[in-house]
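Me: Let's go through this model together, one question at a time. Have a look at it first.

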Amino acid sequence: MDAGDSNNGDSFEDLSFWWVFFGMFYQLLRKRQRAIRYNSILTADDRVTEFLHGHWERIFNRTRMTRDCFVRLSSIMEQTGRLTPSRAVSVEEQLMIFLFVVGHGASNRDAQETWQRSGSTISKYFGIVLEAIFNMSSEYIRPPDMNNVHHTIRYSNRFFPYFQGCVGAIDGTHVSACVGGARADKFRGKYYLVDSGYANRGCFLAPYRGTNYHLRNRRRLGGDRKKEQFNYRHASLRNAIERTFGIWKRRFPILRSMHQFPLEKQAMIPVACAVLHNFIRMDPASVAQDHVSGDEDDDDASSEDDSVDTDPDGVDVGESSSHLNIPQDMDMGAFRDYVTNCIQEGSSG
């Protein structure tokens with residue numbers, strides 16, 4: 001090997017050294033930048049402790065539930081193995097990160113600043129908690145009870161017995177399903193309230209089209225009083241049902257403005273929020289605080305009396321009337337007319 005080859009080799013080794021040096025310097029600089037970025041005096045653990053032991057309004061505003069409700073949820077998640085603490089992130093912090101995002105519609109960047117965590121850490125634990133709560137849906141979400149009349153209808157002299165077959169309201173896209181055999185029996189005579197955009201047929205009970213239903217319009221314009229009275233009560237019951245969804249969306253603003261998550265994750269978020277909503281409803285203190293903070297909407301859909309009619313012995317006058325469920329040989333048009341006549345008779349009586 002001549003001197004020229006030796007010099008070239010030394011130059012290559014020198015160049016390699018400098019590449020390694022600059023690479024190490026760049027990595028050190030990035031770490032330094034991250035250290036400067038998350039430099040709050042309070043660590044994430046400090047913030048969790050502060051919320052758990054600070055003023056009760058702080059944890060409620062942060063998590064949308066009371067301290068006791070949050071502690072109970074955290075205990076359930078950890079004791080059942082749905083969530084496990086990592087070396088750096090406790091179960092309480094994992095839950096608070098998730099509840100902060102769904103309960104405030106917060107962005108990943110907002111969560112980074114609040115919890116002094118990297119964006120990847122926020123995303124990681126949001127996904128872990130989302131899946132854990134989603135998997136609780138069978139315990140906290142159940143289909144309508146086909147054998148009993150819902151209390152909203154059962155204890156209202158506006159709705160019972162006229163709408164005792166109603167099991168819910170639909171405002172969106174409906175995907176039909178086919179149920180056969182003995183399982184179909186419990187669905188017979190049941191129906192959903194829908195708006196005038198749906199046809200009045202099958203298991204959909206729609207209002208009369210082209211008919212007013214607001215009291216002030218009815219008094220001013222006259223018209224077919226029977227149909228107006230049906231439409232008015234139909235709308236009142238739909239509003240009573242839909243108010244629940246309004247409360248749900250106010251509690252979890254992410255439902256009103258979904259982030260750009262993968263589609264699968266977007267589909268899981270409403271289910272997880274429904275689980276949390278029902279879990280919170282089991283805590284009287286959280287529900288009471290909802291009233292104070294204005295998240296619950298107690299405005300009634302009308303000024304009509306919603307009390308239960310009782311006889312002197314305190315027994316409900318309105319007993320279940322099987323003839324106000326849909327007979328198998330009656331279409332929805334005839335059934336709607338029949339209910340309308342029953343409402344008119346009850347009002348005039």
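Reply: For starters, a disulfide here is a pair of cysteine sulfur atoms within 2.5 Å. This is a predicted model, where local features need pLDDT of at least 70, side-chain atom pairs count only at pLDDT 80 or more, and totals for chains, interfaces and linings use all residues. Residues are numbered from 1 along each chain as its sequence is written, and side-chain values use heavy atoms, with hydrogens and water left out.

Me: So how many disulfides do we get by that rule?

Reply: The rule asks for two cysteine sulfurs within 2.5 Å. Going by it, the count is zero.

Me: Is cysteine 273 buried or exposed?

Reply: Buried means under 20% relative accessible area, exposed over 50%, and partly exposed in between (1.4 Å probe, protein chains only). Cysteine 203 has 32%, so that one is partly exposed. Cysteine 273 has a relative accessible area of 0%, so it's buried.

Me: Which peptide bond is cis, with omega near 5 degrees?

Reply: Look in the loop between α9 (151–154) and β1 (166–170), where proline 161 lies. Helices (H or I, at least four residues) and strands (E, at least two) are DSSP runs, numbered from the N terminus. The cis bond runs from phenylalanine 160 to proline 161.

Me: What is the phi of arginine 64?

Reply: Arginine 64 sits in the loop between α3 (56–63) and α4 (67–79). At 10% relative accessibility, it counts as buried. Its phi is positive though it isn't a glycine, near 70 degrees.

Me: And where is glutamine 116 found?

Reply: Glutamine 116 isn't a glycine either, yet has a positive phi of about 55 degrees. It's found in the loop between α6 (108–115) and α7 (119–134).
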